[in-house]
Amino acid sequence: MSVFSPSSPLSLSLVRMTVNGRPVEREAAASTTLAEYLAGALKAETPERRRAEGLEGPAVVMMNGESVKAGLVLAVSAASAQIRSYGGLARHDGVLTPLQRAFHEAGAMLCPDCAPSLVMSALDLLNRNPIPSEAEIRDWLEDSLCPVSDADRAVAAVLAAAAATRS
Ligand code: FES
């Protein structure tokens, strides 16, 4: 539904999607990124809240089961999608998933901006390949690592999570 003239750069559309299992309906401009849309939908107004939802740094979320960088996807192109943010991973009782636990136990949650995105990216990898090699993990996570990220801890966490799933 266009709110203003469709030709205006300020034209807004009503965009619906499912975020962490809940239907969401919000207006978005053509240039609104999925990260901006989700920050509004999840009431993540402060940096702390955005970090808790994994919307800082690379801002990796699951979109229809695949990891995407929410800052590089337009909200309008995510219409009707199923989105899961890092904040939506833990069960309602706050219990961490095995993958989140593995990241905590490996000391791989050091950077609050990047670590949630690494977890989401690793989740996508493990969904595709439950037994990845160390090289495959490094290669997969490379895109979500900044120059000072501790890649070794993240890789160790993913290996541990994969091993825990097998046992
Ligand atoms: S900004 Fe997070 S590790 Fe670099």
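**Helix packing and domain contact in a predicted model**

Helix α4 and helix α5 (residues 134-141) cross at roughly 130 degrees, and their axes come within 10 Å. The model under discussion is a predicted one. Angles over 145 degrees would count as roughly antiparallel and those from 65 to 115 as roughly perpendicular, with oblique used for the rest outside the roughly parallel range; α4 and α5 are therefore oblique to each other. Their crossing is right-handed. On the α4 side, the residues that meet α5 are L118, S121, A122 and L125. Their partners in α5 are I137, W140 and L141. By class, six residues of this contact are nonpolar, one is polar and none is charged.

Helix α4, which spans residues 115-128, also packs against helix α6, which spans residues 151-166. Here the angle is about 40 degrees, and the axes lie 11 Å apart. Angles under 35 degrees would count as roughly parallel; α4 and α6 are therefore oblique to each other. The crossing of this pair is right-handed. Four residues of α4, namely L118, A122, L125 and L126, meet A154, V158, A161 and A162 of α6. The contact of α4 with α6 comprises eight nonpolar residues, with no polar and no charged ones. In α4, L118, A122 and L125 appear in the contact with α6, and these residues also appear in the contact with α5.

The remaining pair to consider is α5 with α6. The axes of these helices cross at roughly 120 degrees and come within 10 Å. The upper limit for a roughly perpendicular arrangement is 115 degrees; α5 and α6 are therefore oblique to each other. This crossing, too, is right-handed. From α5, the contact draws on E134, I137, R138 and L141. From α6, A151, A154, V155, V158 and L159 take part. Seven of the residues in this contact are nonpolar and two are charged, while none is polar. I137 and L141 of α5 belong to this contact and also meet α4. Likewise, A154 and V158 of α6 contribute to the contact with α5 and meet α4 as well.

At the level of domains, the assignment places residues 1-88 in domain 1 and residues 89-167 in domain 2. The centres of the two domains, taken over C-alpha atoms, are separated by 23 Å. Contact between them involves 15 residues of domain 1 and 13 residues of domain 2. On the side of domain 1 that touches domain 2, β3 (60-63) and β4 (66-69) each supply at least two residues. The largest share of that side, three residues, comes from β3. Its composition by class is six nonpolar, five polar and four charged residues.

Confidence in the prediction bears on how closely these features may be read. The protein has a mean pLDDT of 91, and 93% of its residues reach 70 or more. Over residues 1-5, however, the pLDDT is below 50. In the model, this stretch has 10 contacts beyond near neighbours in sequence. Where pLDDT is low, the predicted coordinates should not be read in detail.

Notes. Residues are numbered from 1 along each chain as its sequence is written. This is a predicted model: local features need pLDDT of at least 70, side-chain atom pairs count only at pLDDT 80 or more; totals for chains, interfaces and linings use all residues. pLDDT is the predictor's confidence in each residue, from 0 to 100. Two residues are in contact if their C-beta atoms, placed from the backbone, lie within 7 Å. Domain bounds come from an automatic or database domain assignment. Ala, Val, Leu, Ile, Met, Phe, Trp, Tyr, Cys and Pro count as nonpolar, Asp, Glu, Lys and Arg as charged, and the others, Gly among them, as polar. Axes are lines fitted to C-alpha atoms, for helices over the stretch in contact, and angles run from 0 to 180 degrees between N-to-C directions. A crossing is left-handed if the near helix is turned anticlockwise from the far one by less than a right angle, and right-handed if clockwise.
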